[in-house]
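The following note is offered to a first-year student as a guide to reading the structure shown below. The points may be followed in order, with the display at hand.

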Amino acid sequence: MFTGIVLGVVPIIGLTDSENFRSILIQIENTFAKELALGASVSINGTCLTVVSFKPHDNESTVVKFDIIHESLKKTNLKSLKLNDRVNFERSLKVGDELGGHHVSGHVETVGVIQQRIETENNVELWVSFPARFVPYILEKGWIAIDGVSLTVVEVKDTAENGSAFSVCLIPETLRRTTLGFKGVGEEVNLEFDGQLKAIVNTVQRLLPSLVQPYLHNATHSKPQ
């Protein structure tokens, strides 16, 4: 479990690829590595990954290794990472920690594409396109995690002409601390939707036909008075 409050941006310093499998090495500050353990969960660009190994790099940093399997490669932008790319990094939530963002699981649903980046003096508005099948899981003023960054949805558009897209606004602190500060139009971002909202929507969609059918049957077969 994560909060969507990213600790910082860290570099990819190693990549190894094989069939439907990838290993990555990241370099983090020693302050981020405090009490890190094998098997620990870490969010990389919003994707929950397991620590495979870690070792000191120098007096100020630690190298951490993660393995990425086919399912994660298929659904996230981790498949597109290159050497020296920078990624968002967050440690998992501990009991007693402040929940400053939202309940983010690290289970990315799909990737979106930055459609538009509107910069003003003190903030940035991003428009992100995404597959239409996920429209029921996003609400204006609800939350969404973009590359692991917990954000409030400002506006949602779903039209036949322009497809599905939503907007978020980024404050200077988010721009400074995360990859959203430098990602541009056309780049992919990982998307995680509100898990509670998804559960409600899926439950209603599954149960509604059986709940409504008796009323439709009665209405169809009732005799006129």
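In which strand does P11 lie? The points below begin with that residue and then turn to the sheets and to the chain as a whole.

1. The model under review is predicted. Within it, P11 belongs to strand β1, which covers residues 8-18.

2. Is P11 buried, partly exposed or exposed? Its relative accessibility is 27%, and P11 therefore counts as partly exposed, since the buried class is kept for values under 20% and the exposed class for values over 50%.

3. Which residues does P11 touch, once its neighbours within four places in sequence are set aside? The contacts are with L25, I26, Q27, D85 and R86. Q205, by comparison, is 194 residues from P11 in sequence, and the C-alpha atoms of these two residues are 42 Å apart in space.

4. Strand β1, the home of P11, takes part in a barrel that six strands close in the order β1-β2-β5-β4-β3-β6, with antiparallel pairing. From one strand to the next, the twist averages 45 degrees.

5. One pair in this barrel may be examined in detail. Strand β4 (residues 47-56) and strand β5 (residues 61-69) run antiparallel and are joined by five bridges. S53 has K65, in β5, as its bridge partner. As general background, strands of a sheet pair through backbone hydrogen bonds, in either a parallel or an antiparallel manner.

6. A second arrangement is an open sheet of seven strands, ordered β10-β9-β13-β7-β8-β12-β11 and paired in antiparallel fashion. Its edges are β10 (149-152) and β11 (155-159), each of which pairs on one side only. Neighbouring strands of this sheet are turned against each other by 35 degrees on average, direction ignored.

7. At the β10 edge, four bridges connect that strand to β9 (residues 143-146), and the two run antiparallel. Here the bridge partner of A145 is S150, which lies in β10.

8. How many helices and strands does the chain contain? There are three helices and 13 strands. The C-alpha atoms of the chain fill a box of roughly 85 × 40 × 40 Å along the principal axes.

9. Of the 225 residues in the chain, 40% are buried. The chain exposes about 12,600 Å², and carbon and sulfur atoms supply 54% of that area. Among contacts in the chain with a separation of 6 or more, 69% involve residues 24 or more positions apart.

10. Lastly, the charges: the chain carries 21 positive and 26 negative ones, and the mean positions of the two groups are 5 Å apart.

Notes:
Residues are numbered from 1 along each chain as its sequence is written. This is a predicted model: local features need pLDDT of at least 70, side-chain atom pairs count only at pLDDT 80 or more; totals for chains, interfaces and linings use all residues. Side-chain values use heavy atoms; hydrogens and water are left out. Two strands pair if DSSP finds at least two bridges between them. Axes are lines fitted to C-alpha atoms, for helices over the stretch in contact, and angles run from 0 to 180 degrees between N-to-C directions. Buried means under 20% relative accessible area, exposed over 50%, partly exposed in between (1.4 Å probe, protein chains only). Contact means heavy atoms within 4.5 Å. Accessible areas come from the Shrake-Rupley method with a 1.4 Å probe; for residues, only the protein chains shown count as cover. Lys and Arg count as positive and Asp and Glu as negative; His and the chain ends are not counted. The place of a charge is taken as NZ of Lys, CZ of Arg, CG of Asp or CD of Glu.
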